[in-house]
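Here is a friendly briefing to read with the structure open beside you. Take it one topic at a time and find each residue as you go.

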Amino acid sequence: MTDSSGSDPQTWSLLPGSERRPAPGARAAARDLGGDERVEATLVLRRPAEPDAEGDVMTPAAFAERYAASEQDVDAVRSALGPLGVEVLSVHRPSRRVRVGGTVAAMQRAFGTSLRAVTSAAPDGGRIEHRERTGPLQVPAPLDGVVTAVLGLDDRPQARTQSRVASAAVGVSYTPLQLGTLYDFPEGTDGSGRTVAIVELGGGFAQSDLDAYFQGLGIASPTVTAVPVDGGDNVPGGDPNGADGEVLLDIEVVGALAPAADVLVYFAPNTDAGFLDAVADAAHATPTPVAISISWGQSEDEWTAQARTALDDAIRDAAVLGVTVTAAAGDNGSSDGATDGSPHADFPASSPHALACGGTSLRATGGTVQSETVWNDGAQGGATGGGVSRAFPLPSWQRSADVPAAPAAGGGRGVPDVAGDADPETGYQVLIDGKQTVIGGTSAVAPLWAALTARLAQALDAPLGLLQPKLYGAPDAFRDITVGDNGAYRARAGWDACTGLGSPRGTALLAALRQQPTAPAASD
């Protein structure tokens, strides 16, 4: 590795887990990347110690004191990258992130890669232009072991929405308020005094839509604030059947079911760096949210190992801070959209630190559930994701759940943990870009569980953090779903890889949690 003068100022080390496959269907773009074009990336630094997500909830100050990146490591980044033309733009030591920027030429030199402009297949089926890199990355030798991830050099779309618009002939649909009644959300709770964060990787909302929607429900509009991340922003009106539909679905479900909670919507670019930065910014915000809802994801295999580890670590940080992260399990059945004939789990739902949310088909009459089965409308209509992780081992709290055998060494975490109505044909009545619409998908289940978490935390007057160990000890708090399949897996009594433990019985869940020790935030 040499600089532009031909000298060899230092050696480089391979960055483990950074191997990147070509983007799907990549073709050279009509333009070339100029060497002077500006590129930004997020570096993740090593942990000084490993936090225990199942331990006591920590305050942000106590967390930072124990787990923040060291000043010495940050200084090492500046010293190693500065002479190569890479500038440190911002540092967030508690989440161990360093944002850096430089020209294409400088970033290629610093990280031992080659960037090119390509078009590739987008998650929505179209094509999109972006930067691409393939193969592994390198870091200057002084940063070997210090930098654990370099994200954002390749800015291909990293995730897809997990929502589906119902057919025109849909005959059954519900407002979120009706679902809150059917799932027996605890009376006397509304999320007051709590904050729910929502992660979005595109789209936007208009306040006029929210005002009209909540007025139609007969309730006040919640306080909703857009938070930009890495240049992302609230940009409504572009795609009512895609990103806008996702954003408004998430907000309207949370706002209806936890109407007194503050709602913060983090808008980030749909890249591995943007996804990580949105989750980390939300987890480390003041005040700390009680829940982060994530309705975007992608098959585990479509992530680099470094990005998957970095995002899982950010979700673990959230749990230690008392945040429950709810994540949609996917809308493409047990294959998760892969075409190799094998089951695949969706990430970040497959993170053992996220509450993975699967989907059901729900039919009710007069406020009473008549039937609830696994959501599976076939290849074209979608089906709940679920399966067994290839990347994350079986957590301790799933050891008695009879999770199927792991498909790969090192895997074993079963997905999902919980479920809720997700079938578009029994979907959610929402308002998207001024149009009354019915939407389903596991995208709707993540905000439903985030809202329930806010109400449970309010009733208990304590954050819940990593909720799964408590849930797996409370089977009576769920409606067990025993009918249906998502392709490779069938529903059964108890936990299954379609709907997890089942759909919530909110009041029973609150009673079960009251019988278990809660972890109030630690004092500084």
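Two residues are in contact when they have heavy atoms within 4.5 Å of each other. Keep in mind that this is a predicted model. With that idea ready, we can look at a helix, a charged residue and its partners, and then some empty space.

**Helix α12 and its buried side**

- Helix α12 covers residues 506-514, and its buried residues are Gly506, Leu509, Leu510, Ala512 and Leu513.
- Looking down the axis of α12, you would find these buried residues within an arc of 160 degrees, so they line one face of the helix.
- There is a general pattern to remember here: an α-helix has 3.6 residues a turn, so residues three or four places apart point the same way.
- What do the buried residues of α12 pack against? Their partners are α10 (445-460), α11 (468-471) and β28 (503-504).

**Arg99 and its surroundings**

- Arg99 sits in strand β5, which spans residues 97-103.
- Is Arg99 buried or exposed? Its relative accessibility is 14%, and buried means under 20%, so Arg99 counts as buried.
- Setting aside neighbours within four places in sequence, Arg99 is in contact with several residues, including Glu40, Glu87, Asp230, Ala273 and Asp277.
- With Glu40, Arg99 also shares a polar contact between side chains, at 3.4 Å.
- The side chains of Arg99 and Asp230 form a salt bridge, with an N to O distance of 3.6 Å.
- That salt bridge links distant parts of the chain, since Asp230 lies in the loop between β14 (224-228) and α6 (243-257), while Arg99 is in strand β5, 131 residues apart.
- Asp230 counts as partly exposed, with 29% relative accessibility.

**Salt bridges elsewhere**

- How many salt bridges does a search of the whole structure find? The search finds 29.
- One network of salt bridges links Glu40, Arg97, Arg99, Asp230, Asp277 and Asp281.
- Glu87 and Arg38 are joined by a salt bridge between their side chains, at 3.4 Å from N to O.
- This pair also connects distant parts of the chain: Glu87 belongs to strand β4 (residues 87-92) and Arg38 to strand β3 (residues 38-45), 49 residues apart.
- Glu87 is partly exposed at a relative accessible area of 43%, and Arg38 is partly exposed at 44% relative accessibility.
- Asp417 and Arg413 form a salt bridge too, and their closest N and O atoms are 2.8 Å apart.
- Asp417 is buried, with a relative accessible area of 0%, and Arg413 is buried with a relative accessible area of 0%.

**Empty space inside**

- Rolling a probe the size of a water molecule over the atoms shows where empty space is left.
- In this model, the count comes to 2 cavities of 30 Å³ or more.
- The largest cavity holds about 50 Å³ of space.
- Among the residues lining the largest cavity are Val44, Ser95, Arg97, Leu276, Ala310 and Asp317.
- Which elements give two or more residues to that lining? They are α7 (272-283) and α8 (305-320).
- Helix α8 gives the most to the lining of the largest cavity, with 4 residues.
- Arg97 is worth finding twice, as it lines the largest cavity and also belongs to the salt-bridge network with Arg99.

Definitions and conventions: Residues are numbered from 1 along each chain as its sequence is written. This is a predicted model: local features need pLDDT of at least 70, side-chain atom pairs count only at pLDDT 80 or more; totals for chains, interfaces and linings use all residues. Side-chain values use heavy atoms; hydrogens and water are left out. Buried means under 20% relative accessible area, exposed over 50%, partly exposed in between (1.4 Å probe, protein chains only). A polar contact is a pair of N or O atoms within 3.5 Å; within protein, one must be able to donate a hydrogen and the other to accept it, and residues adjacent in sequence count only if both atoms are side-chain atoms. A salt bridge is a side-chain nitrogen of Lys or Arg within 4 Å of a carboxyl oxygen of Asp or Glu. The arc is that of the directions from the helix axis to the C-beta atoms. On a 1 Å grid over the protein atoms alone, a cavity is a set of points where a 1.4 Å probe fits but cannot get out, and a pocket is an open set with protein on both sides within 12 Å along at least five of seven lines; lining residues have an atom within 4 Å of a point. Grid points are joined across faces, edges and corners, and a volume is the space filled by probe spheres set on the points.
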